[in-house]
Amino acid sequence: MNADPIYEAFALALHDSARAWRHALDQRLKPLGLSQAGWMSVALLARAAAPITQRALAEALGVEPATVVSMVDRLQRLGLVRREMALEDRRIRQLFLTAEGERVYAEVRRIAADFRREQLAAIDPALLATSTETLQQLLHALHALPR
């Protein structure tokens, strides 16, 4: 049996559903005044165990470091993020969420949780568990690829 058609169907479904999911969630979060990169940055900073650098944020978002600079500028103007020079190297800028950033993150989480419940309610929990396991295995394999 040739597995190529199912591999292709899976890859297309994965790509299209991830893109549609991000777009639909982005529409829900628009009233917060944040772009997709903005709310994703706020979420990454809120979940980080320690302050992260602009370079690390760029890596996590999959964008160039120069792109992150203007986005962090916008988040700073909104009062959501502050930059501080790292004590060990003044060239490095660490990013911190402000109290307002924490408040916005709580709202992002609430909206995203409502969105997940609405979108996934009709799907069998066993199928969701299997799908999650499949995606986690795929992610693990992708992380093991040479960079």
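Reader: How many residues does the largest nonpolar core have, and which of them have the most contacts inside it?

Author: In this predicted model, the largest nonpolar core has 25 residues, and those with the most contacts inside it are Leu57 and Val81.

Reader: Which elements give two or more residues to this core, and which gives the most?

Author: The elements that give two or more residues are α1, α2, α3, α4, β3 (93-97) and α5, and α5 gives the most, with six residues.

Reader: Leaving aside neighbours within four places in sequence, what is valine 81 in contact with?

Author: A contact here is a pair of heavy atoms within 4.5 Å. With neighbours up to four places away left aside, valine 81 is in contact with Leu45, Val72, Leu75, Gln76, Leu95, Phe96, Leu97 and Thr98.

Reader: Leu45 is in that list; is leucine 45 buried or exposed, and where is its place?

Author: A residue counts as buried when its relative accessible area is under 20%. Leucine 45 has its place in helix α2 (residues 36-47) and is buried, because its relative accessible area is 10%. Apart from residues up to four places away in sequence, leucine 45 touches Ile52, Val81, Leu95 and Leu97. Leucine 45 and glutamate 102 are 57 residues apart in sequence, while their C-alpha atoms are 9.4 Å apart in space.

Reader: Serine 41 also lies in helix α2; is serine 41 buried or exposed, and what does serine 41 touch?

Author: Serine 41 counts as buried, because its relative accessibility is 0%. Not counting residues up to four places away in sequence, serine 41 touches Leu57, Leu61, Met71 and Leu75, and Leu57 is one of the two residues named above for having the most contacts inside the core.

Reader: How should one read the packing of helix α3 and helix α4, and at what angle do they pack?

Author: An angle between helix axes of 65 to 115 degrees counts as roughly perpendicular. Helix α3 (residues 54-61) and helix α4 (residues 65-77) pack at an angle of about 105°, with their axes 9 Å apart, which means that α3 is roughly perpendicular to α4.

Reader: Which residues of α3 and α4 meet, and how do the residues of this contact divide into nonpolar, polar and charged?

Author: On the side of α3 there are Gln54, Arg55, Leu57, Ala58 and Leu61, and these meet Pro65, Val68, Val69, Met71 and Val72 in α4. The residues of the contact divide into eight nonpolar, one polar and one charged.

Reader: How many aromatic pairs does the structure hold, and what do the parts tied together by the pair have as their separation in sequence?

Author: An aromatic pair counts as edge-to-face when the ring planes are over 60 degrees apart. The structure holds one aromatic pair, formed by tryptophan 21 and phenylalanine 115, which is edge-to-face at 4.8 Å centre to centre with 75° between the planes. Tryptophan 21 lies in helix α1 (residues 4-29) and phenylalanine 115 in helix α5 (residues 99-120), so the pair ties together parts that are 94 residues apart in sequence. Phenylalanine 115 is buried, with a relative accessible area of 3%, whereas tryptophan 21 counts as partly exposed at 31% relative accessibility.

Reader: What does the secondary structure of the protein come to, and what pattern does the protein follow along the sequence?

Author: The secondary structure comes to six helices and three strands, and, read along the sequence, the pattern is α-α-β-α-α-β-β-α-α. Buried residues make up 24% of the 147 residues. Among the contacts with a separation of 6 or more, 48% are accounted for by residues 24 or more positions apart.

Conventions: Residues numbered from 1 in each chain as written. Predicted model: local features only at pLDDT ≥ 70, side-chain atom pairs only at ≥ 80, totals over all residues. Heavy atoms only, no water. Phe/Tyr/Trp six-rings, centres within 6.5 Å; stacked < 30°, edge-to-face > 60°. Helix = DSSP H or I, 4+ residues; strand = E, 2+ residues; numbered from the N terminus. Buried < 20%, exposed > 50% of the residue type's maximum accessible area, 1.4 Å probe, protein only. Axes fitted to C-alpha atoms, helices over the stretch in contact; angles between N-to-C directions. Parallel < 35°, antiparallel > 145°, perpendicular 65-115°, else oblique. Nonpolar A, V, L, I, M, F, W, Y, C, P; charged D, E, K, R; others polar. Core = buried A, V, L, I, M, F, W, Y, C linked by side-chain atoms within 4.5 Å.
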